[in-house]
Amino acid sequence: MRMVDLIEKKRDGFSLEKSEIEFVIRQYTNGEIPDYQMSAFAMAVFFKNMTNEERSYLTLAMAESGDQINLADIEGIKVDKHSTGGVGDKTTIALAPLVAAVGVPVAKMSGRGLGHTGGTIDKLESIPGFHVEITNEQFIQLVNENKLAIVGQTGNLAPADKKLYSLRDVTGTVNSVPLIASSIMSKKIASGAEAIVLDVKTGTGAFMKELDESIELAQAMVEIGNQLGRQTTAIISDMNQPLGYTIGNALEVKEAIDILRGQGPEDLEELCITLGSHMVVLAKKAETVEKAKQLLQEAISSGAALEKLKQFIAAQGGDATVVDEPEKLATAPYEIPVDADESGFVSEIVADKIGKAAMVLGAGRATKESTIDLGVGITLKKKIGDAVSVGETIAILHANSENVDRVVEMIQGSYTIVKEPVQRNKLIYEIFSSKIDNS
């Protein structure tokens with residue numbers, strides 16, 4: 001088998017066999033296929049696409065290129081959740097203890113973040129003492145005992161995907177549905193997930209800006225799950241404005257705590273309940289989504305979800321008193337208001353501009369070596385559909401310096417205010433599910 005023949009075959013629009021895709025991934029991971037040939041292959045896929053079968057072969061080959069996590073010793077059906085990323089997306093911090101509180105085992109691997117803010121692990125590490133450096137045995141034990149543990153991703157999880165993504169990033173082939181879908185799903189498969197719930201963001205703060213692109217990606221990942229025997233549900237949610245009101249690591253932890261108190265923002269609560277209800281159904285803890293939603297609402301109102309969060313934090317070395325005393329979390333010394341420069345109604349908030357403003361404050365990483373400031377960030381006071389008067393505060397900057405004129409301009413420039421009332425955004429656009437009988 002020769003790589004040049006496979007490049008030509010895909011270039012000419014033919015489907016590749018399972019053995020051919022396995023050859024490409026194995027040889028590339030081992031360094032036997034050079035970057036220039038893999039770049040040509042990625043470009044051929046970009047223009048000629050892949051069949052559903054090819055996508056599943058690619059996903060599995062990448063999942064099998066490195067470590068695969070065996071979660072067989074964890075009792076119950078393990079359901080993983082993945083978000084394609086957005087601004088203010090602190091969903092996992094509220095969602096994981098919420099579904100664990102109704103008996104769903106959450107054995108989650110999360111990462112650190114590049115971009116607007118840190119990843120889930122960075123955010124959790126704003127809790128004093130919290131750590132993710134636990135052994136695989138401890139990880140399994142904690143999930144069996146508490147139904148919840150979160151660890152960092154192993155360095156050798158789907159190494160083929162890591163290597164291929166770096167290449168795509170510099171060859172103009174990132175925005176390819178088969179390559180994106182197989183990239184995401186390969187890590188979920190390698191992480192040991194038996195069922196998967198995907199939060200596919202769409203809008204100005206999302207990787208996929210257009211709804212039709214998000215639908216295509218969601219359907220592709222559900223089909224891959226279907227091909228590989230994993231129950232998979234994809235939920236397309238709005239990211240035309242930040243999720244909730246906060247952007248920043250400790251700020252987002254506080255807002256996640258508010259959700260479990262039943263006092264959080266409506267959009268974040270709706271998303272957690274929607275994602276969580278599908279996780280509960282896939283874990284066979286409820287027969288219908290509506291029954292699952294009732295269980296989750298009861299876990300919030302009874303305080304069970306909040307107690308589960310405390311248990312989770314304490315089990316991984318953290319100071320669980322931050323749940324009742326969130327002022328113990330990192331804070332910035334300055335709170336600087338950003339005021340509206342006209343009256344009317346908020347019609348648009350460019351989410352990725354808000355995210356970039358948070359990164360300028362120090363909430364995120366520009367490179368892997370960057371240091372995150374866990375206390376800084378942004379609290380939005382106005383969102384789409386809200387009325388606003390000239391001079392009224394639309395956001396508050398949590399900063400380490402009063403010299404934030406550039407960030408103030410970025411925030412004001414991300415808001416559009418019009419004279420007529422504006423309809424609020426729909427949060428959930430579409431839900432797609434695979435049809436696998438695992439009974």
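A residue is called buried when its relative accessible area is under 20%, exposed when that area is over 50%, and partly exposed in between. Keep that scale in mind as we walk through this structure, which is a predicted model.

Let's start with Val 281, which sits in helix α12. Its relative accessibility is 24%, so Val 281 counts as partly exposed. Leaving out residues up to four places away in sequence, Val 281 touches Ala 286, Glu 287, Thr 288, Val 289 and Ala 292. If you look across to Tyr 415, you will find its C-alpha atom 39 Å from that of Val 281, with the two positions 134 residues apart along the chain.

Just along the chain is the loop between α12 and α13 (289–301), and Lys 284 is found there. Lys 284 has a phi near 60 degrees, a positive value in a residue other than glycine. That is worth a look, since most residues other than glycine have a negative phi. Because its relative accessibility is 53%, Lys 284 counts as exposed. Ala 158 also has a positive phi, near 45 degrees, and is likewise not a glycine. Ala 158 lies in the loop between β3 (148–152) and α8. At 1% relative accessibility, however, Ala 158 counts as buried.

From that loop we can step into helix α8, which spans residues 159–169 and has Pro 159, Ala 160, Asp 161, Leu 164, Leu 167 and Arg 168 as its buried residues. These pack against four helices, α2 (18–29), α3 (35–48), α4 (52–63) and α9 (177–190).

Helix α16 (residues 405–414) makes a good next stop, with Val 407, Val 408, Ile 411 and Ser 414 as its buried residues. Viewed down the axis of α16, they fall within an arc of 130 degrees, so they line one face of the helix. An α-helix has 3.6 residues a turn, so residues three or four places apart point the same way. On the other side of α16, Asp 405, Arg 406 and Glu 409 are exposed. The cover over the buried residues of α16 includes the strands β7 (334–339), β8 (344–349), β9 (377–380), β11 (393–399) and β12 (415–418), along with helix α15 (351–361).

Ile 411 leads us to the largest nonpolar core, which has 84 residues; Leu 98, Ile 354, Ile 378, Leu 397 and Ile 411 have the most contacts inside it. Helix α12 gives the most to this core, with eight residues. Apart from this core lies another, of 36 residues, among them Ile 69, Val 151, Ile 184 and Ile 224. In soluble globular proteins, nonpolar side chains tend to be buried together. For a closer view of the larger set, pick Ile 354: beyond four places in sequence, its contacts include Val 87, Pro 242, Ile 247, Ile 378, Ile 411 and Tyr 415.

Now for the empty space. There are two cavities of 30 Å³ or more. The largest cavity holds about 60 Å³ of space, and its lining includes Val 79, Asp 80, Thr 92, Val 106 and Met 279. Helix α5 (91–100) is one of the elements that supply at least two lining residues, as are β1 (79–83) and β2 (106–110). Of these, α5 gives the most, with four residues. By class, the lining of the largest cavity has six nonpolar, one polar and three charged residues.

The second largest cavity has about 40 Å³ of space. Among the residues lining the second largest cavity are Leu 71, Val 79, Asp 80, Val 106 and Ser 191. The elements that give two or more residues to this lining are β1 and β2.

Our last stop is the second largest pocket, with a volume of about 370 Å³. Its lining has 17 residues, and Gln 241, Glu 266, Asp 267, Lys 383 and Arg 424 lie nearest its centre. How do the lining residues divide by class? Seven are nonpolar, two polar and eight charged. Helix α12, where we met Val 281, provides the largest share of this lining, three residues.

Technical notes. Residues numbered from 1 in each chain as written. Predicted model: local features only at pLDDT ≥ 70, side-chain atom pairs only at ≥ 80, totals over all residues. Heavy atoms only, no water. 1 Å grid on protein atoms, 1.4 Å probe; cavity = no way out; pocket = protein on both sides within 12 Å on 5 of 7 lines; lining within 4 Å. Points joined across faces, edges and corners; volume = space filled by probe spheres on them. Nonpolar A, V, L, I, M, F, W, Y, C, P; charged D, E, K, R; others polar. Buried < 20%, exposed > 50% of the residue type's maximum accessible area, 1.4 Å probe, protein only. Contact = heavy atoms within 4.5 Å. Arc of directions from axis to C-beta. Core = buried A, V, L, I, M, F, W, Y, C linked by side-chain atoms within 4.5 Å.
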